[in-house]
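Dear colleague,

I am passing on the structure we spoke about, with some notes on its charged side chains. Please look it over before reading on.

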Amino acid sequence: MTKLQSHGREPFEAVDRAPEAQAEGFATVRQAHESEMAEDYVELIAELIETRGEARPVEIAERLGVKPPTVTKNISRLKAAGLVRREPYRAIFLTDAGQDLAEICRRRHRVVVAFLLSLGIDEETAERDAEGIEHHVSGTTLEAFERRLNQK
């Protein structure tokens, strides 16, 4: 690797990676971005059902900081994907596939938060940062986090 100067800024280290490998990395990130919405919604719906007995669109909108029409549009997408079911004027429920995804997301979130806390990050920051990291962390990295946590 060679360091390139960029007008007094942080030096850029050139990485000798094959273009295909770099393209695969960017494709993985794009895929993670595409699944973020579904993962955030099913995780929140599962939490609301467990803590309040139901997940209503107005509560989902409030918790996600979006407008109710955005929730309606995204719930339709999740329904088409087989992750939720909804009856008119009723709460939203997870399908078995939606529940499975919510459990995977919850586990990833807990591992990432625990790892950040083990680094000395405060709880509020760890929770906030985990919301982004959890969508992009690979299984390999998640397992490494768990191994490190289990060593303590």
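How far apart are the closest N and O atoms in the salt bridge that E59 forms with R56? In this model, which is predicted, the closest N and O atoms of E59 and R56 lie 3.8 Å apart, a separation that counts as a salt bridge because the cut-off is 4 Å between a side-chain nitrogen of Lys or Arg and a carboxyl oxygen of Asp or Glu. R56 has a relative accessible area of 36% and is therefore partly exposed, whereas E59, at 10%, is buried. Salt bridges with shared partners connect R52, E54, R56 and E59 in one network, and within it the side chains of E59 and R52 meet at 3.0 Å, N to O.

Over the whole structure, the search finds eight salt bridges. Another salt bridge is formed by E39 and R108, whose closest N and O atoms are 2.8 Å apart; this pair links distant parts of the chain, since E39 belongs to helix α1 (residues 19-52) and R108 to helix α4 (residues 96-118), with the two positions 69 residues apart in numbering. Both E39 and R108 are buried.

On the surface, finally, there is a patch of negative charge in which D122, E123, E127, D129 and E131 gather. One of these residues, E127, is found in helix α5 (residues 123-133), and E127 counts as partly exposed because its relative accessibility is 33%.

With best wishes

Notes. Residues are numbered from 1 along each chain as its sequence is written. This is a predicted model: local features need pLDDT of at least 70, side-chain atom pairs count only at pLDDT 80 or more; totals for chains, interfaces and linings use all residues. Side-chain values use heavy atoms; hydrogens and water are left out. Patches are made of residues with over 30% relative accessible area and no salt bridge: like charges are joined within 9 Å, nonpolar side chains (Val, Leu, Ile, Met, Phe, Trp, Tyr) within 5 Å. Accessible areas come from the Shrake-Rupley method with a 1.4 Å probe; for residues, only the protein chains shown count as cover. Lys and Arg count as positive and Asp and Glu as negative; His and the chain ends are not counted. The place of a charge is taken as NZ of Lys, CZ of Arg, CG of Asp or CD of Glu. Helices (H or I, at least four residues) and strands (E, at least two) are DSSP runs, numbered from the N terminus. Buried means under 20% relative accessible area, exposed over 50%, partly exposed in between (1.4 Å probe, protein chains only).
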